[in-house]
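Me: Please take a close look at one part of this model, the packing in its interior. Start from a single residue and work outward.

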Amino acid sequence: VDLTNEDVADILALLDSLPYDSLDVETPRFRLTLRRAPGGGWTEESQVLSEPALVTPAPDATPASSRVTPGISEMPGRAGQAGTARARGTAQSRTGSEASGNSAAPKAGGTAGTAGTAGTGAAEAVSADADGLAAVAAPLPGTFYRAPRPGADPFVQVGDEVTPDTVVAIVETMKLMNSVHAGTTGRVARICVDSGEFAPLGALLMLIEPAT
Amino acid sequence: VSGSRVLRRVLVANRGEIAVRVIRTCRRLGIETVLTVSDADARSLPARLADQVIRIGPAPASASYLNVDAVVDAAVAAGADAVHPGYGFLSENAVLARACAAAGIVFIGPAPETLEAAGDKLAAREHAITVGLPVLPGGHVLPAGDNMLKFPNDPARADEPAPGPDGPAAGVDARATEADAGRAADGPGGAVPAAEVAGRIGYPVLVKAAGGGGGRGLRVVRDPAGLEEAVTLASAEAHAAFGDPRVYLERYVERGRHVEVQLLGDGEHVIHLGDRDCSVQRRYQKLIEEAPAPGLNDDLRERLRATAVSLGEHLKYKGAGTVEFLVDADRGEFYFLEVNARVQVEHPVTEAVTGIDIVAEQLAIAEGRPLRLKQADITLAGHAIEVRLNAEDPASDFRPSPGTITRAVFPATTFSVGPPSPAVAGKGTEDADGGAPDADAADDGTGAGDVASGVRVDTHVQAGAAVPPYYDSLLAKVIGRGTDRAHALATLRGALDRCVVDGVMTNLDLHRALLADAEFAAGGVDTGYLARWLAAEPEGQVAGAEQAASVRNHHGLDPGASDLGDGGGGDG
């Protein structure tokens, strides 16, 4: 069982009446740091460390139509943890020295599956290329779409004439559709990303041959 | 439909903070949780909290959280009794509700017929007109030069609601019915070319998504030149967010307040849990919400609540839902905006002043029981204000900021739901700390010993957590409660001073500045407030100026929408 908000509130109520300024607790399942803030009140820095109890359906997963329940109800991944829980706690006296740093710098170890975040800053900013073509770069990391909707005609095709304000694509980031404008007067020379693909920030989306 | 059924295992078909929120109440009630995740969320905080986790697809929502078959298959495979859809995604999707029913699983939400009537914003307009509510002039539109028949899954084909009443209901703007009357006669699904509808109702107009709220698909158009692009983008956004590309137009109102009423219904009886004000919005995204709505006179407040309940009764509403209004507080007038047929992002402010765990009530209603609360049981105490911390950068036009959280420090949560509610606590329908856990257990430090003071943080981020670019930017909600509005505001200010979120850009400093603003502190701002405030604010005051300069040179953010809206928004 993980720490609940109610647990934290209970701990806080207890702590608030004691002469302590901070509490660090770490178990295999969670890490909790409570600190008395200079302006009053408490701060909470917590991390749930339990691994997700991922259920992998059998390769021949039963379709929804047949009401068969695979034997997955025993919650793998949790049972093994309970026995090994070792709580480690420290409470710092109000008169003591500055708060211990062990949780002030949380380990960046939680290597969450950051599937889509790799792009930030990764792609080199693109400008004009050697042939004098102007680049259209992704204004945000997101999913590149050449058409407003599935089945609709693309905004532009190679060879189409564009002006700086022509919408040539959209990039979907955090549920928002953002127009991508040509930025240059000329013709679409190349489309560098497939529709539906993820484009990192600044990724080269299209090349425009400027009008002379 | 089929008697009562105790829920022992619930599939949480969502992500982010609302997944955490639902899991926490389920856990408190002893209900097992199974969470559906996309590949991007496999190691998220809710995934770590859920009893089981089932992968339902790759990162893009269209391939995972919006996949009805994948959700139902997961529910069946997990042996879940019920599916909680959260907000956004499939939460107002009648297809999911029907598929659940067909698989013998309870959909935690209204009946499919109600979802079609209310979750569908166009149909909801018709019902509001039927009940005699004033609506803004508008109507369903086709994107210019486009043919909706290209989209085989377009709900407009199969699920077009019955035509509305022929004549205008009392108090309805004649132009509303004129525009609406066009629906039945013109293009497929009642849609007519956008330019025609816009011409009829007059610019500026607001483009809105029929398939869901959350501000997705909302765009203001001030002149005919911008209409086509706005409709196209809004439709694309709506399609991506709800799997439903239909959009409609409404007259855009420059000033007005967004006030909404929280309902609970069991399919027969409907009660309200008071009102909320969500007028602090940017591009139809609510940023700050509070309960109760400040500065309404008793008569107007009572009319809003009674009207919302009457619409809920007309819809035979079952579950938690919200009726949203655009309110002109000075004139004492209001217009129906939409029904949100689900739990909303801002539900905690209502919980904070009523002491009622709205998710717990959703679960109880889903078990087929009659409402365990009567209107007389609902008492409101104090005031609560919530801010939404988003991964976005106000200094560079609010561009989204996906990434990885390196550090997350929040004010310690001192209450989960709200002050003790004698009604719920006295009924013994929940466990000992059920509806009112420890409201008085810990003081926030700003109101020495005051029971009503408190802070609550609902979040899905922690150090190491991913903020994927595929989903919305909400990181956390910070709620401050006090005996009155000034006290709640002071509590929340103190709470925000204790927040540190590193790794992505956030709107934390914006919130600090807004809470310090005299106009907001006075209460009762309209939906144009934030746009005016941002326009008046010197560059760089909200966040690092040099950061802003370096990223301003990109094209094309927000082509159609550069204005604040009438609050058609709502949460995701």
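Reply: Start with Leu11(B). Leaving out residues up to four places away in sequence, Leu11(B) touches Val34(B), Thr36(B), Val71(B), Ala74(B), Ala75(B), Ala80(B), Ala82(B), Val83(B) and His84(B). Contact here means heavy atoms within 4.5 Å.

Some ground rules. This is a predicted model, where local features need pLDDT of at least 70, side-chain atom pairs count only at pLDDT 80 or more, and totals for chains, interfaces and linings use all residues. Residues are numbered from 1 along each chain as its sequence is written, chains are lettered from A and ligands numbered from 1 in the order in which they are written, and side-chain values use heavy atoms, without hydrogens or water.

Now the core. Leu11(B), with Val10(B), Leu304(B), Phe325(B) and Phe336(B), touches the most other members of the largest nonpolar core, which holds 98 residues. Helix H3 (residues 68-78) of chain B gives the largest share of this core, eight residues. A second, separate core has 37 residues, including Met174(A), Leu287(B), Cys499(B) and Leu510(B). A nonpolar core is a set of buried Ala, Val, Leu, Ile, Met, Phe, Trp, Tyr and Cys residues joined through side-chain atoms within 4.5 Å. Buried means under 20% relative accessible area, exposed over 50%, partly exposed in between (1.4 Å probe, protein chains only). Helices (H or I, at least four residues) and strands (E, at least two) are DSSP runs, numbered from the N terminus.

Val83(B), one of the contacts of Leu11(B), leads to a sheet. Val83(B) stands opposite Phe107(B) in S5(B). Strand S4 (residues 82-84) of chain B runs parallel to S5(B), joined by two bridges. Strands pair if DSSP finds at least two bridges between them. The open sheet has six strands in parallel pairing, ordered S4(A)-S3(B)-S2(B)-S1(B)-S4(B)-S5(B). Its edges are strand S4 (54-55) of chain A and strand S5 (106-107) of chain B, each pairing on one side only.

Chain A also meets chain B at helix H10 (residues 227-242) of chain B. Twelve of the 16 residues of H10(B) are buried, so the helix is largely enclosed by the rest of the structure. Among them are Leu227(B), Val231(B), Leu233(B), Glu237(B) and Phe242(B). The buried residues pack against strand S9 (167-173) and strand S10 (176-181) of chain A. From chain B they meet helix H9 (194-201) and strands S8 (205-209), S9 (219-221) and S10 (247-251). The end C-alpha atoms of H10(B) are 22 Å apart, which agrees with the 22 Å expected at 1.5 Å a residue. That expected span is 1.5 Å times one less than the number of residues. Gly243(B) follows, with a positive phi near 70°.

S9(A) and S10(A) pair antiparallel over six bridges. Ile170(A) stands opposite Ser179(A) in S10(A). The two strands form a hairpin with two residues between them, and Met174(A) in the turn has a positive phi of about 50°. Five of the six residues of S10(A) are buried.

Last, the cysteines. There are zero disulfides (cysteine sulfur atoms within 2.5 Å) over all chains. For Cys100(B), the nearest cysteine sulfur, that of Cys26(B), is 15 Å away. Cys100(B) counts as buried because its relative accessibility is 1%. For Cys278(B), the nearest is that of Cys499(B), 20 Å away. Cys278(B), at 0%, also counts as buried.
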